[in-house]
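I opened the notebook to go through this structure piece by piece. My notes are in the order in which I looked things up.

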Amino acid sequence: MDEDPGESDPDKAGTYTYAYDKLVTRAYDDELYINIYSESDDFNFFGDAVPYFREAPLLMGVNLKNARADRLLGRFSPAYVQNSDRCKLFVYTGFDIARNGDFYMAMEADSLIYQYDRDYRPIRSFGRAGRGMDCSYPVLRNLDEIQAHYADGRAMGHYDWIEYIDRTGLLFRSYVKSAEAEVYGLQIYDGTVLVADVDVPVGFRVKGYIAPYYYAVGRIDEENEKIPVYRFKLD
């Protein structure tokens, strides 16, 4: 796959950059998958975002043997195409990969979770909206408006993190409620069934499982150089 950084073709890896503000990396077999987006002059979401949300991939697969990008995967959901001017602050993607190779995809402004097999063929979509989310996103028509609303807008309701635990078969999705909320929401799915939707500390992201505890991190305290770590059980 051509990686010329001058390219602005939606099908070229060189068009995209890693989503450093919310980077997710997952390894499977000989591939490292990374969430991406584009700020290319010729292909971006700043103005008319409909073409971008129709054509832009969500993930890049990098071959660990030769360090080359050899897969571009995914597309934004129809919710992004239909509400393109209201979704421009939420272009980052959360995802996880199960032991069997299934991808679980979560887009920040879409209440659905999308499941694909290891060849990225769709299996199903499921999910329910979080509680108390402020999703009254502003209409943004250009880059100046995006920059002006970025800080406040990113504090509005959106889906922040997704983690699948193979050993227990549970899927966890954290979400931001609103700028005023002093808690996050955490949804727990067993298959496609929502079994819990609870309040958790701000920044709460489930990271793994060591029996009998699940482990999560919270918002980083950069000033004091601390990262809160939580553990919990589920009955």
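The entries below cover cysteines, cores, a helix and a run of strands.

**Model.** I kept in mind throughout that this is a predicted model.

**Cysteines.** I went looking for disulfides and counted zero. I checked Cys-87 and found it in no disulfide, with the nearest cysteine sulfur, that of Cys-135, 9.7 Å away. A pair needs its sulfur atoms within 2.5 Å, so these two do not qualify. Turning it round, Cys-135 is in no disulfide either, and its nearest cysteine sulfur is that of Cys-87. Cys-87 is buried, at 4% relative accessibility, whereas Cys-135 is partly exposed, at 40%.

**Cores.** Which residues touch the most other members of the largest nonpolar core? I got Phe-45, Phe-53, Phe-76, Phe-103 and Met-105, out of 44 residues in that core. Next I asked which elements give two or more residues to this core. They are helix H1 (50–55) and the strands E3 (31–37), E4 (59–63), E5 (69–73), E6 (93–97), E7 (103–107) and E8 (113–116). E3 has the largest share, with four residues.

I then picked Phe-103 and listed its contacts, leaving aside neighbours within four places in sequence. They include Tyr-33, Leu-59, Leu-73, Ile-97, Tyr-114 and Tyr-116, and also Asp-96, Asp-117 and Arg-118. Another core, of 13 residues, lies apart from the largest one; Leu-170, Leu-186, Tyr-214 and Ala-216 are among its members.

**Helix H3.** I looked at which residues of H3 (143–154) are buried, and found Ile-146, Gly-153 and Arg-154. Seen down the axis of H3, these buried residues fall within an arc of 65°, so they line one face of the helix. Asp-144, Gln-147, Ala-148, Ala-151 and Asp-152 are exposed on the other side of H3. Strand E10 (158–165) is part of what covers the buried residues of H3. What caps the N-terminal end of H3? I found Asn-142 there, with a side-chain oxygen 3.2 Å from the backbone nitrogen of Asp-144.

**Strands E10, E11 and E12.** I moved on to E11 (170–176), where seven of its seven residues are buried. Leu-170, Phe-172, Ser-174 and Val-176 point one way from E11, while Leu-171, Arg-173 and Tyr-175 point the other way. I noted the general rule too: side chains in a regular strand alternate between the two faces of the sheet.

E10 pairs with E11 in the antiparallel sense over seven bridges, and Ile-162 has Arg-173 of E11 as its bridge partner. Four residues sit between the strands in this hairpin, where Gly-169 takes a positive phi near 70°. E11 and E12 also run antiparallel, joined by seven bridges. Here Leu-170 has Asp-190 of E12 as its bridge partner.

**Gln-187.** I finished with one residue of E12 (184–190), namely Gln-187. Is Gln-187 buried or exposed? I have it as buried, at 0% relative accessibility. I then looked for polar partners of its side chain. The side chain of Gln-187 makes a polar contact of 2.7 Å with that of Arg-173, and another of 3.4 Å with that of Asp-197. So Arg-173, one of the buried residues of E11, turns up again, because its side chain lies within the 3.5 Å cut-off for a polar contact. Not counting residues up to four places away in sequence, Gln-187 also touches others, including Arg-128, Ala-129, Gly-130, Leu-171, Phe-172, Tyr-175, Leu-194 and Ala-196.

Key
Residues are numbered from 1 along each chain as its sequence is written. This is a predicted model: local features need pLDDT of at least 70, side-chain atom pairs count only at pLDDT 80 or more; totals for chains, interfaces and linings use all residues. Side-chain values use heavy atoms; hydrogens and water are left out. Buried means under 20% relative accessible area, exposed over 50%, partly exposed in between (1.4 Å probe, protein chains only). The arc is that of the directions from the helix axis to the C-beta atoms. Contact means heavy atoms within 4.5 Å. A polar contact is a pair of N or O atoms within 3.5 Å; within protein, one must be able to donate a hydrogen and the other to accept it, and residues adjacent in sequence count only if both atoms are side-chain atoms. A nonpolar core is a set of buried Ala, Val, Leu, Ile, Met, Phe, Trp, Tyr and Cys residues joined through side-chain atoms within 4.5 Å. Two strands pair if DSSP finds at least two bridges between them.
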